[in-house]
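Trainee: Could you take one helix of this model and go through it closely, with its surroundings and with the confidence that the prediction carries?

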Amino acid sequence: MSLLLKRRSHSETRPKDVPDKSKQQSQPQQKHQEKHELQERPQQIRGKPHSSEQSLNRLGMSHQQQSTSFSMAGGMGRRKTSAELISEAKLFLGETVAGASGGGGAGGAAMQMMATGGARLVSTRRPITPREPGRVLYGKVALAGRPPSAFSMRYLQNEKPAPRQLPALSGTGPTTPMPTRNGALLGQSTTETLIELLKQHSGLKECTNETVQHINAILQELYTRVRKQERNFKRGFILGGLYGLVECTSPRVLLAVARVVLALRVTGSNLTGACKLIFKVARHEQNDGLFHDHDVLELLIDGLGRASPLDEPEACIYAYGCIRFLTASSAQDRDDALNRNWIGLGEAIKAPLAAPVSATLSAVPAAVLCPRKLTGQQTLVSRLARHGAVELMILHLQMLNEAGATKRLTGPPLHTLYQLSAAMRALADVSQQQQRLQLQLQLACPHLIRAAEVSMGELEVQANVVRTLSVLSEDSDCCETLHNYAARIGLLLGPSCSSSGASERLLAVLSRLGYMLGNILAKHESARIQYFHNDVAMEYLLNVLEQLGERSPSSVALLDAQIKLIRVVANMSVNPEVGAGLGNVRCLGSVLLKLLSHTSASLAKKKSAEHQELLHATLGALHNLCFYQDKQTTDSVAVPATAAAGSLQSLIDELSASLAEVLANCQTAATKVELTRVLGNLTRNERARRCFCAAGGLPLMVQQLTRQAAGQDYELRTCAIGVLVNLLGDGEQRAPFLQLRGAELLSLLLRGSLEQEDWFLANIVCQALWNLLIDGQCAVTLCRSGSILDEVSDLLADYLDEDRLNAGDGDDDDEQPGEDEHELETEKETDDDDGDHDALWEDFALVATDLLERIQNNFDRQQPQTVLRTDNDDDGDVFIEEM
């Protein structure tokens with residue numbers, strides 16, 4: 001016992017012991033003390049909880065059995081260590097933690113236990129993005145009265161006085177001799193001469209490179225003069241000279257014509273015509289390089305500044321279509337990269353980026369930007385941002401919203417909103433590399449929410465607006481703005497509740513709304529509370545989940561919508577108030593139970609990535625909700641009378657049995673981990689423990705641990721032991737556990753964890769042994785057999801020896817000559833790891849010391865009983881009665 005006393009004297013986190021008065025009590029009092037000994041001992045430990053309890057809390061282990069078993073919950077009064085705070089910060093930033101393989105070291109165990117969590121966030125991929133075959137203005141959308149994607153430029157016209165119709169040209173080509181093509185002479189020519197030269201090419205379509213160069217030289221000279229505000233010529237006269245070139249097939253000529261038209265600061269139909277010319281060039285990806293050669297994009301933004309989306313909607317439609325094409329050329333590649341890497345990343349792609357990343361994505365574990373993103377595209381986006389494109393978009397958005405507030409948007413203004421939101425979404429895809437653009441888009445968030453409300457009933461347009469918002473929600477700054485509107489965004493689910501069909505576009509809207517809300521609720525505590533207390537938003541969410549659950553999961557779009565909406569529930573229930581309240585919300589339990597049953601059955605028939613993700617999202621929601629149900633159902637026999645129909649509280653029995661069935665049939669390790677996590681939280685509830693064990697849960701958990709005793713799936717092993725600790729908190733499960741050779745299993749797990757110096761795993765195994773030894777009969781049985789408890793005692797005594805741990809630590813104390821800065825930094829990191837290692841051992845030592853004392857006390861009580869029976873059999877009954 002000297003070792004144990006030494007251990008206590010050196011532990012700063014050890015609470016003061018309550019003096020043992022058992023020797024001063026009479027024999028009946030001693031028997032009563034033995035029965036309640038454990039109740040006193042954990043209270044001593046809980047008086048100042050240590051970090052292992054906080055860690056086990058995150059594994060979802062039992063807290064309800066405070067009076068009958070070892071406490072598995074973290075204390076709320078303990079100050080967290082800096083390592084815990086950092087680990088929790090990483091967890092809530094969405095970073096993944098690589099599982100410790102085969103028990104790992106102390107550092108791996110510490111990170112692993114933080115990765116589980118009593119209530120944790122759920123990540124997901126981006127919603128499914130439709131792939132268009134090329135650059136088309138509307139794709140497959142069939143909006144009534146929309147401007148065409150393909151068009152013919154028929155005429156440009158003067159604005160003042162009335163529009164002037166130019167005479168039709170014969171199309172026979174120039175009739176006058178062509179002057180010499182000497183560029184030096186163009187600067188000496190009058191403007192009238194330049195226009196006459198252009199008119200010689202009226203009606204031109206196909207042309208040689210030499211002709212293109214000659215026409216461009218003329219247009220460049222004309223552009224230079226127009227930009228100098230030359231006033232000795234008429235605007236209509238110049239437009240008349242440009243008219244004959246609009247059918248030319250050369251994109252360089254078309255852009256040059258558009259530059260001159262925009263430089264004239266035209267409005268009305270001429271502005272629309274210039275936007276159409278630029279759109280005609282931008283719709284072909286091979287022409288993107290032409291936009292880097294001059295200031296046509298800046299001129300386009302200037303032109304849009306003179307247009308109204310209500311009065312000149314076509315100019316806005318084609319202009320924003322151009323911006324959308326030019327800035328979204330590699331957005332699909334980025335979507336693919338994000339969805340390939342959304343979960344399970346060991347490290348981010350180490351490709352050099354053209355600009356620093358200013359924010360990480362919350363919907364994915366790490367922000368991995370596609371290395372194939374074009375540098376030229378980023379340059380175009382920067383130019384647009386510097387020239388005020390986003391501010392202009394916000395202004396146009398406000399104008400459309402104001403008009404839509406008084407009268408429903410239809411026709412061209414509605415189509416303008418479609419293109420404007422699509423262009424803003426394309427800019428948002430690149431915004432994470434450009435801080436200025438990021439801040440500008442942040443200001444657009446409230447206006448986009450209003451636009452989504454204005455466009456209700458127009459699914460095609462609303463889908464585009466919501467799609468833009470979903471992309472912006474990946475950015476932390478934009479999410480900071482959006483979180484104030486969480487419940488208002490939830491109200492957008494309303495129209496879909498009354499929809500009789502489930503079209504692909506409707507499912508796309510639901511998926512993106514769910515994705516956006518899931519991102520917001522993953523980051524902001526106030527948004528979780530705000531959403532939960534909005535009865536209308538909650539009712540819409542429940543209705544949508546219920547309606548989607550009634551449909552056969554026949555399409556990927558339906559599964560994607562369910563994944564995103566279930567994630568809303570999961571991330572909302574991280575908050576204790578919300579998590580507890582959702583347990584008594586109507587139909588939510590039945591929805592989750594149905595999804596659990598259907599998705600697991602579908603996976604058993606045919607493995608599907610979407611079904612797998614939906615199952616894990618469902619288990620993530622159940623994991624969080626079950627964590628707060630340990631005290632919600634105090635009656636261990638009947639369902640509480642206050643439980644709402646279909647709520648989680650009313651279905652604890654069915655859920656416990658269903659989880660046992662799914663786990664028994666599950667073949668995927670990752671899914672088993674998720675299942676055991678849910679069970680770790682659920683079995684904190686007494687009624688759930690009984691129902692789970694009635695469904696064969698105890699032998700099932702022993703089976704999982706038997707398979708994993710020497711396996712490589714560390715996370716499954718730790719979670720399964722946590723479930724076992726909870727189950728052994730009930731007295732009726734201890735004897736059956738012994739019959740399943742559970743004591744031998746725990747001894748084997750303890751030896752393996754100690755040999756690996758995995759103090760975290762050894763800690764929870766000790767707590768399982770503690771709960772097992774609460775039962776007096778189990779303790780007697782194990783003490784009589786002797787071998788198991790002897791082995792456990794020897795192991796604990798050996799690994800509680802500080803001298804053994806400190807052996808070899810002093811060999812490297814002397815500073816080695818020639819250490820450089822890198823070596824010193826490496827040494828500092830090693831010291832930090834050693835500190836974590838020591839803290840985990842300290843936690844293990846506290847629990848192991850109590851367990852070793854208990855084992856030795858049991859042996860001490862058995863020893864005099866055996867001696868007295870040898871000397872005087874009549875005295876043996878007294879000692880047996882004491883047990």
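Mentor: The mean pLDDT of the protein, pLDDT being the predictor's confidence in each residue from 0 to 100, is 75, and 66% of its residues reach 70 or more. Over residues 865–883 the pLDDT is below 50. Where pLDDT is low, the predicted coordinates should not be read in detail. This is a predicted model, in which local features need pLDDT of at least 70 and side-chain atom pairs count only at pLDDT 80 or more, while totals for chains, interfaces and linings use all residues. Residues are numbered from 1 along each chain as its sequence is written, and side-chain values use heavy atoms, with hydrogens and water left out.

The helix to examine is α29, residues 588–605, where a helix is a DSSP run of H or I of at least four residues, numbered from the N terminus. Its 18 residues should span 26 Å, at 1.5 Å times one less than the number of residues, and the end C-alpha atoms of α29 agree with this, being 26 Å apart. Among its buried residues (under 20% relative accessible area, 1.4 Å probe, protein chains only) are L588, L592, L595, L596, T599 and L603. The buried residues of α29 pack against α26 (535–550), α27 (556–572), α28 (576–582), α30 (609–627) and α31 (652–665).

α29 also gives the most to the lining of the largest cavity, with four residues, and the residues lining that cavity include K594, L595, H598 and T599.

How values were computed. Helix = DSSP H or I, 4+ residues; strand = E, 2+ residues; numbered from the N terminus. Buried < 20%, exposed > 50% of the residue type's maximum accessible area, 1.4 Å probe, protein only. Contact = heavy atoms within 4.5 Å. 1 Å grid on protein atoms, 1.4 Å probe; cavity = no way out; pocket = protein on both sides within 12 Å on 5 of 7 lines; lining within 4 Å.
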